[in-house]
Amino acid sequence: TDRSGVLRRWVIRCRRPSFPPRRASSCKANISPSTKHPPQTALNLLDAAAAICDSNPMQITVESAAPAKGTIVSLHGKLDAISTGDVEKALLDAIAGGEVKLLVDCSKLDFISSAGLRSFIMAIKRMKPSGGTITLVAMQRDVNEIIHISGLAPLFKIQPTRAAALV
């Protein structure tokens, strides 16, 4: 933000390199401001990047299912390097509380990165000594594909709906 409190947004565009590449650095970042003034410092770009990241924060809801049905952790948004710490904390806190049946509702999870996969792996490792299970529920197509391609699908129970997981 500048002194008047107005957030300046900067858009970074990157052209895809041609094939075969013409030069060693064929990808140029063009920084174009949405205001008429150029950036005064690099902090303006960092402020803009922080505002963009905060515009789609991960929402985590932890709720108890019926007795002996487990704990449901609902994820809404993008599970990436920025949000993985909060998700990992929610999962590990539920496991540390003695939960042996954990349901992760992925119906509103739009994206998962390798950092997000790490949080699931950490939860599996903590759950293993107690003999508990983690069930991934209602995964969207892209998230389902990433779980299967990464080879992690056999570590979880996977259910198409929340109702099927609670039976």
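**Group meeting: a walk through the model**

Both Phe-120 and Phe-156 are buried. Let's start with those two. Keep in mind that this is a predicted model.

How many aromatic pairs does a search of the whole structure find? The search finds one. The partners are Phe-120 and Phe-156, with ring centres 5.9 Å apart. Their planes stand at 70°, so the pair is edge-to-face. Now place them. Phe-120 lies in helix 3, residues 114–127. Phe-156 lies in the loop between helix 4 and strand 7. The pair therefore ties together parts that are 36 residues apart in sequence.

Next, the sheet. It is open and has five strands. The order is 3-4-5-6-7, and the pairing is mixed. Which strands stand at the edges? Strand 3, residues 59–64, and strand 7 do. Each has a single partner strand, so one side of each is left without a neighbour in the sheet. From one strand to the next, the twist averages 20°.

Look at one pairing inside it. Strand 5, residues 101–112, runs parallel to strand 6, and five bridges join them. Take Leu-103 as an example: its bridge partner in strand 6 is Thr-135.

Two helices to point out here. Helix 2, residues 84–96, packs on the sheet. Helix 2 touches strand 3, strand 4 and strand 5. Its direction makes about 175° with that of strand 4. Helix 4 packs on the sheet as well, touching strand 5, strand 6 and strand 7. The direction of helix 4 makes about 115° with that of strand 5.

Now two single residues. The first topic is Ser-74. Find Ser-74 in strand 4, residues 71–79. Is Ser-74 buried or exposed? Its relative accessible area is 14%, under the 20% cut-off, so Ser-74 counts as buried. What does its side chain reach? There is a polar contact with the side chain of Arg-162, at 3.0 Å. Leaving out residues up to four places away in sequence, Ser-74 touches several others, including Gln-59, Ile-60, Thr-61 and Asp-105.

Last stop, Ala-138. Where does Ala-138 lie? In the loop between strand 6, residues 133–137, and helix 4, residues 141–149. Most residues other than glycine have a negative phi. Ala-138 is not a glycine, yet its phi is positive, about 55°. Ala-138 also counts as buried, at 19% relative accessibility. The cut-off is under 20%, so 19% falls on the buried side.

That's the tour.

Key: Residues are numbered from 1 along each chain as its sequence is written. This is a predicted model: local features need pLDDT of at least 70, side-chain atom pairs count only at pLDDT 80 or more; totals for chains, interfaces and linings use all residues. Side-chain values use heavy atoms; hydrogens and water are left out. Helices (H or I, at least four residues) and strands (E, at least two) are DSSP runs, numbered from the N terminus. Buried means under 20% relative accessible area, exposed over 50%, partly exposed in between (1.4 Å probe, protein chains only). A polar contact is a pair of N or O atoms within 3.5 Å; within protein, one must be able to donate a hydrogen and the other to accept it, and residues adjacent in sequence count only if both atoms are side-chain atoms. Contact means heavy atoms within 4.5 Å. Rings of Phe, Tyr and Trp (its six-membered ring) pair if their centres lie within 6.5 Å; planes under 30 degrees apart count as stacked, over 60 as edge-to-face and the rest as tilted. Two strands pair if DSSP finds at least two bridges between them. Axes are lines fitted to C-alpha atoms, for helices over the stretch in contact, and angles run from 0 to 180 degrees between N-to-C directions.
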